[in-house]
Amino acid sequence: MKQNQNYLLSHTVALIGLMGAGKTTLGRYFARSLSVDFIDSDDEIVKRAGISIPDIFELSGEEKFRDIEQRVIADILEGSPVILSTGGGAFISPKIRDILSNKSVTIWLRAEPETLLSRMDDLHSRPLLAKGDPLLTLTNLSDERKRYYEQADVIIDTDNLSATQALRELVSALQERDVLRLENTVQKEL
Ligand code: S3P
């Protein structure tokens with residue numbers, strides 16, 4: 001007989017925060033480390049629209065993007081619990097904030113604008129940073145959005161944290177809320 005330990009999520013864990021916060025990179029790492037599923041809402045939007053995010057913004061505008069984003073996130077939250085990386089603006093929309101707050105545990109990955117910028121390798125995939133000074137834009141977005149992100153269930157300050165330290169904070173916050181449980185399974189050895 002072989003004892004296996006698996007993590008079980010009782011709810012979806014939604015990572016929120018500005019572009020460059022590490023929602024996708026850390027989200028994938030968290031999911032891999034805990035052997036749970038991962039979904040990136042931006043990837044799902046691209047799949048659904050059949051075109052890139054910059055193209056959605058350019059051809060149909062931000063409002064259309066937010067509309068697709070809302071439907072995609074609502075659909076994801078109807079499914080089994082996953083680690084969900086959301087786009088930086090998702091939690092700003094009152095409707096999306098409402099469904100995320102009701103149906104998931106929200107985690108704000110907070111970081112200073114300088115840190116955010118230093119973590120981003122591809123500014124072209126982010127239409128909001130395509131024009132002007134990206135650091136100034138991130139600083140303004142940070143000032144505007146802070147009051148919404150602050151409503152998250154858990155806040156993790158990531159400026160000086162390694163991925164492993166951030167994972168440790170996430171695990172203890174989720175265990176405290178009974179969202180992450182360790183399950184022992186017994187497997188017959190052949
Ligand atoms: C946006 C963030 C992007 C993407 C879109 C809009 C925002 O996602 O959804 O470009 O409003 O902050 P990331 O935060 O994953 O880069």
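Okay, let's start with one residue pair: L15 stands opposite I107, which sits in β5. Keep in mind that what we're looking at is a predicted model.

So where does that pair belong? Strand β2, residues 12-16, runs parallel to strand β5, residues 104-110, and five bridges join the two. As a quick reminder, strands of a sheet pair through backbone hydrogen bonds, either parallel or antiparallel.

Zooming out, we have five strands in an open sheet, and if you read across, the order goes β3-β4-β2-β5-β6, with parallel pairing. At the edges you'll find β3, at 38-40, and β6, at 154-157, and each of those pairs on one side only. Going from one strand to the next, the twist averages 25°.

Now, which helix packs on this sheet, touching β2, β5 and β6? That's α8, residues 163-176, and its direction makes about 165° with that of β6.

Okay, on to the ligand, which is probably the bit you want for setting things up. There are 13 residues around the ligand, and the ones that come nearest are K23, D42, R66, G88 and R145.

Let me give you some distances. For K23, a polar side-chain atom lies 2.6 Å from a ligand oxygen. With R66, an N or O atom in the side chain is 2.7 Å from an oxygen atom of the ligand. G89 does it through the backbone: an N or O atom there lies 3.4 Å from a ligand oxygen.

And how much of the ligand's accessible area does the protein cover? On its own the ligand has 390 Å², and the protein covers 95% of that.

That's my tour, thanks.

Notes: Residues numbered from 1 in each chain as written. Predicted model: local features only at pLDDT ≥ 70, side-chain atom pairs only at ≥ 80, totals over all residues. Heavy atoms only, no water. Pairing = 2+ DSSP bridges. Helix = DSSP H or I, 4+ residues; strand = E, 2+ residues; numbered from the N terminus. Axes fitted to C-alpha atoms, helices over the stretch in contact; angles between N-to-C directions. Contact = heavy atoms within 4.5 Å. Near = heavy atom within 4 Å. Polar contact = N/O pair within 3.5 Å; in protein donor to acceptor, adjacent residues only side chain to side chain. Areas by Shrake-Rupley, 256 points an atom, 1.4 Å probe, with all protein chains shown as cover.
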